[in-house]
Amino acid sequence: MAIKSVYSKYFQKSKVFLYPLLGIKRGVKVVPSETYLAWDPFYIPEDMKLVCLYHPQEKDDYETFEKNVLLKHNRLFDIQTIDKNNKLFIFDFSDMGSDWDNFLKGSYSKMQNKIKGDISSFFDHKSANYFYMKSYLYPSKYFEEYAECLDIEVEFLKSVGELCSKPDFEKETLMMKAKKLENSEIIN
């Protein structure tokens, strides 16, 4: 598959690089409406948490999914019920260390090969998303295609080193007020 275009709009980096590392199968009916690296003022990106926003009222299968998958997840750190329509599940990625730092810097190609493999295996191997993710994780294999598509010099891309922008911390920060924080279900 050849590069015919590149994404010009921002997409949530936490959703495509970190959510796949939860190991939740692609194609499940219940997915977060969005993912974040931070929740103002409770978590910042350096806390190594993935904040997933779910809407319990939207899916018939939600309760079963929550009970069988989310509540049993080994990365689950905290749960916050915002209201009947919004529930946050916060997952801990502190074991990622330098890989998390590389993610925050947008240095996706510098993440460990196992992590890159786990990320790319989440996507359907026949999809455009899979191809794009492979190019973000292993950019040196795709510099020439991107240079041709963008009509720029290959050497310029090589000097940049990455083919995907780094996370936008403002867009990756949830700005939702909790009504009551005493309902916290801290797991650790």
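Colleague: Is Asp61 buried, partly exposed or exposed?

Modeller: Asp61 is partly exposed, because its relative accessible area is 35%. Keep in mind that this is a predicted model.

Colleague: Thanks! Which residue does Asp61 form a salt bridge with?

Modeller: Here is the general idea: side chains of opposite charge can pair when their charged atoms come close. In this structure, Asp61 pairs with Lys29, and their closest N and O atoms are 3.6 Å apart. Lys29 is exposed, with 60% relative accessible area.

Colleague: Where in the chain do Asp61 and Lys29 lie?

Modeller: Asp61 sits in the loop between strand 3 (49–54) and helix 2 (62–70), while Lys29 belongs to the loop between helix 1 and strand 1. The two are 32 residues apart, so this bridge links distant parts of the chain.

Colleague: How many salt bridges does a search of the whole structure find?

Modeller: The search finds seven. One of them joins the side chains of Lys15 and Glu34, at 3.5 Å from N to O. Lys15 is in helix 1 (residues 13–18) and Glu34 in strand 1 (residues 34–36), 19 residues apart. Both ends are partly exposed: Lys15 has 29% relative accessibility, and Glu34 has 21%.

Colleague: And what is the distance between the closest N and O atoms of Lys87 and Glu66?

Modeller: In that salt bridge they are 3.1 Å apart. Lys87 lies in strand 5 (residues 86–92) and Glu66 in helix 2, so the pair ties together parts 21 residues apart in sequence. Here Lys87 is buried, at 12% relative accessible area, and Glu66 is buried too, at 13%.

Colleague: Which side chain of opposite charge is nearest to Glu162?

Modeller: That is Lys110, 5.7 Å away. A salt bridge needs the nitrogen within 4 Å of the carboxyl oxygen, and Glu162, though buried, has none. Its side chain does reach the backbone nitrogen of Tyr108, at 3.4 Å. Glu162 is found in the loop between helix 7 and strand 6 (173–174). Beyond its close sequence neighbours within four places, Glu162 is in contact with several residues, including Gly106, Ser107, Tyr136 and Pro139.

Colleague: Let's turn to helices. Which residues of helix 6 are buried?

Modeller: The general idea first: an α-helix has 3.6 residues a turn, so residues three or four places apart point the same way. In helix 6 (residues 143–150), the buried residues are Phe143, Tyr146 and Ala147. They are on the same side of helix 6 because they cover an arc of only 100° around the axis. The face turned away from that buried side carries the exposed residues Glu144 and Glu148.

Colleague: What do the buried residues of helix 6 pack against?

Modeller: They pack against helix 5 (128–137) and helix 7 (154–160). Just after helix 6 comes Asp151, whose phi is positive, near 55°.

Colleague: Which residues touch the most other members of the largest nonpolar core?

Modeller: Among its 46 residues, those are Phe17, Tyr54, Phe91, Ile119 and Tyr136. Helix 5 gives this core its largest share, six residues. A second, separate core has 11 residues, among them Tyr36, Trp39, Val51 and Met176.

Colleague: What is Tyr136 in contact with, leaving aside its neighbours within four places in sequence?

Modeller: The list includes Tyr7, Phe11, Phe17, Tyr108 and Leu163. Two residues we met earlier are also in contact with Tyr136: Tyr146 and Glu162.

Notes: Residues numbered from 1 in each chain as written. Predicted model: local features only at pLDDT ≥ 70, side-chain atom pairs only at ≥ 80, totals over all residues. Heavy atoms only, no water. Buried < 20%, exposed > 50% of the residue type's maximum accessible area, 1.4 Å probe, protein only. Helix = DSSP H or I, 4+ residues; strand = E, 2+ residues; numbered from the N terminus. Arc of directions from axis to C-beta. Contact = heavy atoms within 4.5 Å. Core = buried A, V, L, I, M, F, W, Y, C linked by side-chain atoms within 4.5 Å. Lys, Arg positive; Asp, Glu negative; His and termini not counted. Polar contact = N/O pair within 3.5 Å; in protein donor to acceptor, adjacent residues only side chain to side chain.
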